[in-house]
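Q: Could you take me on a close look at the sheet in this protein? I would like to know how its strands are ordered and what packs on them.

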Amino acid sequence: MKKIFFLILFTISIVGWSQTINDSLKDKNILVVYGGWQGHNPNIFGEKIAEWFLSKGANVNVTQDTEIYTDKAYMDKVDLVINHITMSEISNEASRGLQNAIASGTGLAGCHGGLGDSFRNDTEYQYMVGGQFVKHPGGQIDYTVSILDTNDPVTEGLSNFNLHTEQYFMHFDPSINVLATTTFTGVHDPRINGVVMPVVWKKTYGKGKVFYSAIGHSGDLFDIEEVWTLITRGATWAIR
Ligand SMILES: [Zn+2]
């Protein structure tokens with residue numbers, strides 16, 4: 001009997017969450033900009049997240065040209081930007097356009113190098129995101145993602161999970177709101193043994209909300225339930 005009651009509660013909470021998501025995404029204007037270093041196959045995440053937003057009733061615009069950020073009249077209508085561009089470069093005008101949009105209330109979300117390693121010479125961009133990739137010691141390794149706050153709507157109901165991929169070592173802003181971390185073992189660099197590093201965070205930039213997840217080196221990772229749940233919930237949270 002207890003089990004059935006729990007199952008009913010669980011089902012209600014899942015239905016409740018998906019209802020909330022559908023309501024909050026309907027007719028929202030989402031801009032997905034992907035590109036940069038092809039080693040990250042940016043089209044995989046770019047197209048997948050675009051399709052997901054479309055399936056929730058949002059209006060989605062996908063482009064590979066960062067100059068769209070210079071179009072202020074358009075950017076004023078965008079509710080969320082997914083920036084997914086590893087390294088590469090951005091013009092001063094485009095970077096300022098993106099920063100002004102986020103500061104004015106447009107949300108910003110993304111993952112891995114697509115948001116946390118874009119435009120390496122652009123420090124204001126890094127300040128906006130809240131962190132910058134610097135190294136992934138050992139390359140493809142096994143590690144655990146620890147969920148810190150299970151009361152947050154982004155991490156609610158999630159448990160710690162294991163991955164085999166790049167463990168991002170980042171320079172990060174101490175004021176970010178960290179939702180998940182990973183701990184370095186020191187196997188690949190004894191100096192960082194025991195270092196606890198943010199994996200998932202949220203923050204603000206002016207009036208805009210910013211969400212980041214460090215997971216996303218390869219397309220298969222987005223088929224892992226926890227990984228996809230984090231990025232879609234985080235992106236939803238960041239919407240204007
Ligand atoms: Zn990578």
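Here is a walk through the sheet and the helices that touch it.

A: Happy to! Keep in mind that this is a predicted model. The protein has seven helices and 11 strands. Its radius of gyration is 18 Å, close to the 18 Å that the globule rule gives for 240 residues, so the protein is as compact as a globular protein of that length. Of those 240 residues, 41% count as buried.

Now to the sheet itself. Nine strands form an open sheet with mixed pairing, and their order is S2-S1-S3-S4-S11-S10-S9-S6-S7. Strand S2 (59-63) and strand S7 (161-166) are the edge strands, each pairing on one side only. From one strand to the next, the twist averages 20°.

Within that order, S4 and S11 are worth a closer look. Strand S4 (residues 107-111) and strand S11 (residues 208-213) run parallel and are joined by four bridges. In this pair, Gly110 stands opposite Tyr212 of S11.

Two helices can be placed against these strands. Helix H2 (residues 42-55) packs on the sheet, where it touches strand S1 (29-36), S2, strand S3 (80-86) and S4. The direction of H2 makes about 170° with that of S1. Helix H7 (residues 225-238) lies across S3, S4, S7, strand S10 (196-205) and S11, and runs at about 170° to S11.

Stepping back to the contacts of the protein, take those between residues at least 6 apart in sequence: 74% of them join residues at least 24 apart.

Methods:
Residues numbered from 1 in each chain as written. Predicted model: local features only at pLDDT ≥ 70, side-chain atom pairs only at ≥ 80, totals over all residues. Rg over C-alpha atoms; globule rule 2.2 N^0.38 Å. Buried ≥ 20, exposed ≤ 12 C-beta atoms within 10 Å, placed from the backbone. Contact = placed C-beta atoms within 7 Å. Pairing = 2+ DSSP bridges. Axes fitted to C-alpha atoms, helices over the stretch in contact; angles between N-to-C directions.
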